[in-house]
Amino acid sequence: MTSVACGIDIGGSGIKGARVDLDTGEFIGDRIRIVTPQPSTPQAVAEVCKQVLDGLGISDNVPVGIALPAPIVHGKVPFMANLDESWVGVDLNELMQDRLGRSVTALNDADAAGMAEVAFGAAKGVKGTVIVTTLGTGIGSAIIVDGNLVPNTELGHLEIDGYDAEKRASSGQKELQDLSWKKWAKRLQRYYSHVEMLFSPDLFVVGGGVSKKHEKFLPRLTLKTPIVPAQLLNTAGIVGAAYQAARRQSE
Ligand code: BGC
């Protein structure tokens, strides 16, 4: 496997990219961040991806992985919760081929973050079932069994007590509804207990920007499963996308 790849993480507020050293899981040089265009249509976002690649000076032989906040099933986006609706039905690889003139590896953002934790972070070497969740505008999930990803799990959209789970328990909702750590932790407790009951995982890893403040909420949770903060924090999406792109290229 090549030891350098590029990752781009498309989010609701920013589109971030960097060159990644796949021996260490660290960035090589600076990360580029460009504000997500509004409306966040596929064309507008693809244009920003081009700016990111140009800005980083990525040549054609470097694998590029792109993480999107939506499931990507055989290359296509079946639904979109937190970017423009016009993403539905888009084939990400075709879109990027048109705009960037090169092929890319497209994957879900939480799947990317999950694989980054497996390769370089909190889930490294863990046997059995690991569930990585990212708490942000939405809730992303990655299920990894003995190091192998089960893609597109979308556990942020479990319906719990009549609600789409991420509309209750994401960190975006904590902000929007101005919830205290205590109130939010109650919602997280409900969420993680439910996921625990369904999957009996061996480990939960909690990522997303808010995991920097894990000591404010993780100690409030009572679960049978160990629950730990992600180690890569806000680099995980980029690192995981780069890692998966490099793996794909070496297949
Ligand atoms: C999307 C997921 C995504 C998560 C985190 C959810 O709303 O449906 O695909 O992983 O948000 O961005």
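## The inner strand S6

In this predicted model, threonine 134 sits across from glycine 207 of strand S11. That pair is a good place to begin, so let us follow the strands around it. S6 and S11 run parallel and are joined by five bridges. On another side of the story is strand S7 (residues 139–145), which is antiparallel to S6 and connected to it by seven bridges. Within that pairing, valine 130 faces isoleucine 144 of S7. The chain passes from S6 to S7 by a hairpin of three residues.

Is strand S6 mostly covered or mostly open? Seven of the seven residues in S6 (residues 129–135) are buried, and the strand is mostly covered. The cover reaches both faces: Thr129, Ile131, Thr133 and Leu135 are buried on one side, and Val130, Val132 and Thr134 are buried on the other.

## The five-stranded sheet

Where does S6 fit in its sheet? The sheet is open and has five strands, in the order S8-S7-S6-S11-S12, and its pairing is mixed. At the edges are strand S8 (148–150) and strand S12 (227–229), each of which pairs on one side only. From one strand to the next, the twist averages 30°.

Edge strand S12 runs parallel to strand S11 (residues 203–207), and three bridges join the two. Here valine 206 is placed opposite proline 229 of S12. A helpful general point is that strands of a sheet pair through backbone hydrogen bonds, in either a parallel or an antiparallel way.

## Strands S1, S2 and S3

Now let us visit the start of the chain. Strand S1 (residues 4–10) and S2 are antiparallel, with seven bridges between them. One of the facing pairs is aspartate 9 with lysine 16 in S2. A hairpin of three residues carries the chain from S1 to S2.

S2 also pairs with strand S3 (residues 26–35), again antiparallel and over seven bridges. In this pairing valine 20 stands across from phenylalanine 27 of S3. The hairpin between S2 and S3 has four residues, and glycine 25 in its turn has a positive phi of about 75°. Why is S2 described as largely enclosed by the rest of the structure? Six of the eight residues of S2 (residues 14–21) are buried, so the strand counts as largely enclosed.

## Helix H6 and a surface patch

Helix H6 covers residues 181–199. What span should its 19 residues have? At 1.5 Å a residue, the expected span is 27 Å, and the C-alpha atoms at its ends are 26 Å apart, which agrees. Many residue names in H6 belong to the buried group: Trp184, Ala185, Arg187, Leu188, Tyr191, Tyr192, His194, Val195 and Glu196.

Methionine 197 also lies in H6, but its relative accessibility is 54%, so methionine 197 counts as exposed, the cut-off being over 50%. Together, Met197, Leu198 and Phe199 make a nonpolar patch on the surface, with about 280 Å² of accessible area. Just after the helix, serine 200 adopts a positive phi of about 40°.

## Salt bridges

How many salt bridges does a search of the whole structure find? The search finds four. As background, side chains of opposite charge can pair when their charged atoms come close.

One of these joins the side chains of glutamate 47 and arginine 99, at 2.3 Å from N to O. Glutamate 47 is in helix H1 (residues 42–56) and arginine 99 is in helix H2 (residues 92–100), so the pair ties together parts 52 residues apart in sequence. Glutamate 47 is partly exposed at 28% relative accessible area, and arginine 99 is partly exposed at 33%.

Aspartate 54 and lysine 50 form another salt bridge, with their closest N and O atoms 3.0 Å apart. Both residues lie in H1, four residues apart, which is about one turn of the helix. Lysine 50 is partly exposed, with 26% relative accessible area. A further salt bridge brings aspartate 161 to arginine 190, the closest N and O atoms being 2.8 Å apart. This pair links distant parts of the chain, 29 residues apart: aspartate 161 is in the loop between strand S9 (159–160) and strand S10 (163–164), while arginine 190 is in H6. Aspartate 161 is exposed at 53% relative accessibility, whereas arginine 190 is partly exposed at 37%.

Notes
Residues numbered from 1 in each chain as written. Predicted model: local features only at pLDDT ≥ 70, side-chain atom pairs only at ≥ 80, totals over all residues. Heavy atoms only, no water. Patch = residues over 30% accessible without salt bridge, like charges linked within 9 Å, V, L, I, M, F, W, Y side chains within 5 Å. Areas by Shrake-Rupley, 256 points an atom, 1.4 Å probe, with all protein chains shown as cover. Buried < 20%, exposed > 50% of the residue type's maximum accessible area, 1.4 Å probe, protein only. Expected span 1.5 Å × (residues − 1). Pairing = 2+ DSSP bridges. Axes fitted to C-alpha atoms, helices over the stretch in contact; angles between N-to-C directions.
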